[in-house]
Amino acid sequence: HKMDAEKAEAGALGAPAPETKDLKKVEKTKAKRVELKKWKAVAMWSWDIEVNTCAICRNLLMELCIECQANQGSSSVDCTVAWGVCQHAFHFHCIERWLKTRSVCPLDEQEWECQRYGH
């Protein structure tokens with residue numbers, strides 16, 4: 001019981017117990033494996049739809065429609081997306097041009113009703 005007496009005596013004197021000293025030595029001997037100096041985050045986004053292309057002009061919805069690509073210098077109007085009640089999405093200019101000759105969705109031929117437009 002000599003060890004118990006040493007622990008009690010060391011604790012009474014305010015000195016750390018022998019086990020505490022050993023833990024500190026172990027912590028000091030552990031070297032850093034990796035140090036992070038710089039970090040850059042990269043993120044991607046996409047539309048929350050199954051198909052991300054306009055079925056009329058075949059361009060990606062996040063890009064300009066063919067009409068806006070052809071007239072890039074003449075107008076600063078945004079090329080927005082039109083969403084139908086049927087959940088199909090097209091460039092606003094494309095569906096606007098389509099609806100001049102037909103009143104149905106180009107994909108499912110249901111009567112076209114615009115749910116919302118914009119990004």
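The following dialogue walks through a predicted model of one protein chain, from its overall layout to a few of its side chains.

Student: Where should I begin, and how many helices and strands does the protein chain have?

Tutor: Begin with the layout, remembering that we are reading a predicted model. The protein chain has four helices and three strands, and along the sequence these follow the pattern α-α-α-β-β-α-β.

Student: In what order do the three strands lie in the sheet?

Tutor: The order within a sheet has to be read from the pairing of the strands, and here the open sheet runs β2-β1-β3, with antiparallel pairing. Since β2 and β3 (114-117) stand at the edges with a single partner strand each, one side of each is left without a neighbour in the sheet. Neighbouring strands are turned by 30° against each other on average, if direction is ignored.

Student: Over how many bridges do β1 and β3 pair?

Tutor: β1 and β3 pair over three bridges in the antiparallel sense, and you can find one example by looking at Gly-84, whose bridge partner in β3 is Cys-114.

Student: Which helix packs on the sheet?

Tutor: That is α4, which touches β1, β2 and β3, and whose direction makes about 95° with that of β2. The buried residues of α4 are His-93, Cys-94 and Ile-95, and what covers them includes α3 (66-70) as well as β1 and β2.

Student: Which residues touch the most other members of the largest nonpolar core?

Tutor: A core can be read by asking who its members are and which elements supply them. This core has 15 residues, and Cys-54, Cys-65, Phe-90 and Trp-112 touch the most other members. Two or more residues come from each of β1 (81-84), β2 (89-91) and α4 (92-99), with β1 giving the most, namely three. Over the protein chain, which has 119 residues, buried residues make up 19%.

Student: What is Trp-112 in contact with, leaving aside its neighbours within four places in sequence?

Tutor: Its partners include Trp-83, Cys-86, His-88, Phe-90, Ile-95, Leu-99 and Val-104.

Student: Which charged residues lie over the rings of Trp-98 and Trp-83?

Tutor: Look for a charged end placed over the face of a ring. Arg-102 lies over the face of Trp-98, 4.0 Å from the ring centre, while the charged end of Arg-116 sits over the ring of Trp-83, at 4.5 Å from its centre.

Student: How many aromatic pairs are there?

Tutor: A pair of aromatic rings is described by the distance of the centres and the angle of the planes. With ring centres required to lie within 6.5 Å, the count comes to one aromatic pair.

Terms used: Residues numbered from 1 in each chain as written. Predicted model: local features only at pLDDT ≥ 70, side-chain atom pairs only at ≥ 80, totals over all residues. Heavy atoms only, no water. Phe/Tyr/Trp six-rings, centres within 6.5 Å; stacked < 30°, edge-to-face > 60°. Lys NZ or Arg CZ within 6 Å of the ring centre and 35° of its normal. Core = buried A, V, L, I, M, F, W, Y, C linked by side-chain atoms within 4.5 Å. Buried < 20%, exposed > 50% of the residue type's maximum accessible area, 1.4 Å probe, protein only. Contact = heavy atoms within 4.5 Å. Pairing = 2+ DSSP bridges. Axes fitted to C-alpha atoms, helices over the stretch in contact; angles between N-to-C directions.
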